[in-house]
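Please open the structure in a viewer and keep the sequence panel visible. The tour below proceeds by selection, one stop at a time.

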Amino acid sequence: MRYAKIAAIAALSIMLGSCTLLNRKHHAGAAAEVNGQFLDYAELDAVTKGLTGEDSIAAAEAFIRQWATEILMYDKARNRGTDKALEALVDDYRRSLYVHAYEQHLLQRMPKSVPADLVDSFYNEHLNRYVLKDGLVKGLLLIVPNGAPDLDKLKKYMHEPNDENIENIEKYAYRYANGYELFTEEWKSTNQLLLWLPLGKNDLSKLLKQNRQIVLSDSISTYVLQITDMRQVGEPMPLEYAQKDIEPILLRERTNAFLKEERQKIYDDAIRFKKVRLYENR
């Protein structure tokens, strides 16, 4: 509420003494002023949004106090005298901020996607980086209550998960399943399977080597897992799985190369138009 903010400002104006906190005629919309710098009511509105009464006053007062104190501390620090080393650091930081902002502007022209052939080439050249430390599987899993009807039909549908059978599986899952995971188009780690299944890692590894369809039960549920594709520990990671790691690497390399090229163009243009002059050492 606006009156709450005014109350907070009035209280702080007394505490801050010489600071001019209600000099609003010099700056329309200002809630406070310290040494020629203004705090707008719009900023206070954002801070106190959703607050009422004493909470609003307290939030406004705390924000104004912090804002004013930062300005006062900065002014006192500058009034101590010029520290050339510190000024140089400030200048470097300011220049870095401007350069970074300009680089982000330049990068808007650069494509954000990485061509598939580059991903494929990088994968094949660095295949030793992409060896599996955990198995991967594709498939589907249904968790149904013990004694659920037509379980044999469900197993047959899952054994050959074509479009028609997937539709039948989904209908069955809608009617009976406590849980359903379809990941025939997405690799899952065997560690993820362990979150769904009532068995340990070694037991799962043995079962996966023996069967493509695994049926398990506990005291409550029956778990039917159908594996449609699998990669073992020590095998190369599938390209589609490695892609999520490769693309950021290639994009970062492309970004660095693009910015290096832009920097070179700027320098070459400056030389051409004599904005940079080189002098011999005498």
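Select Val90 to begin: this residue is partly exposed, with a relative accessible area of 34% (buried means under 20%, exposed over 50%, and partly exposed in between, with a 1.4 Å probe and protein chains only). The model is a predicted one, in which local features need pLDDT of at least 70 and side-chain atom pairs count only at pLDDT 80 or more, while totals for chains, interfaces and linings use all residues. Residues are numbered from 1 along each chain as its sequence is written, and side-chain values use heavy atoms, with hydrogens and water left out.

Val90 belongs to helix α4, residues 84-107; helices (H or I, at least four residues) and strands (E, at least two) are DSSP runs numbered from the N terminus. Add Leu86 and Leu89 to the selection: together with Val90 they make a nonpolar surface patch of about 270 Å². Patches consist of residues with over 30% relative accessible area and no salt bridge, where like charges are joined within 9 Å and nonpolar side chains (Val, Leu, Ile, Met, Phe, Trp, Tyr) within 5 Å. Accessible areas come from the Shrake-Rupley method with a 1.4 Å probe, and for residues only the protein chains shown count as cover.

Next, select Ser221, in strand β6 (residues 221-231). Is Ser221 buried or exposed? Ser221 is buried, at a relative accessible area of 7%. Leaving aside neighbours within four places in sequence, Ser221 is in contact (heavy atoms within 4.5 Å) with Ile143, Val144, Pro145, Asn146, Asn178 and Leu216.

Now turn to the interior. The largest nonpolar core has 15 residues, and those with the most contacts inside it are Val137, Leu141, Leu193, Leu197, Leu208 and Leu225. Such a core is a set of buried Ala, Val, Leu, Ile, Met, Phe, Trp, Tyr and Cys residues joined through side-chain atoms within 4.5 Å. At least two residues of this core come from each of β3 (136-145), α9 (201-210), β5 (213-217) and β6. The largest share, 4 residues, is supplied by β6. Apart from this core lies another, of 13 residues, among them Tyr123, Tyr130, Leu136 and Leu250.

Select helix α5, residues 116-125, whose buried residues are Val119, Phe122 and Tyr123. Seen down the axis of α5, these residues fall within an arc of 100°, so they line one face of the helix; the arc is that of the directions from the helix axis to the C-beta atoms. The face turned away from the buried side of α5 carries the exposed residues Asp117 and Glu125. Among the elements covering the buried residues of α5 is α10 (239-272).

Finally, inspect the charged pairs. A salt bridge is a side-chain nitrogen of Lys or Arg within 4 Å of a carboxyl oxygen of Asp or Glu, and by this rule the count comes to 13. In helix α10, select Glu262 and Lys265, which lie 3 residues apart, about one turn of the helix. The closest N and O atoms of their salt bridge are 3.7 Å apart. Glu262 is buried, with a relative accessible area of 9%, and Lys265 is partly exposed, at 40%. Salt bridges that share partners join Arg109, Glu261, Glu262 and Lys265 into one network. For the last stop, select Arg231 and Asp229, whose side chains meet in a salt bridge (3.0 Å, N to O).
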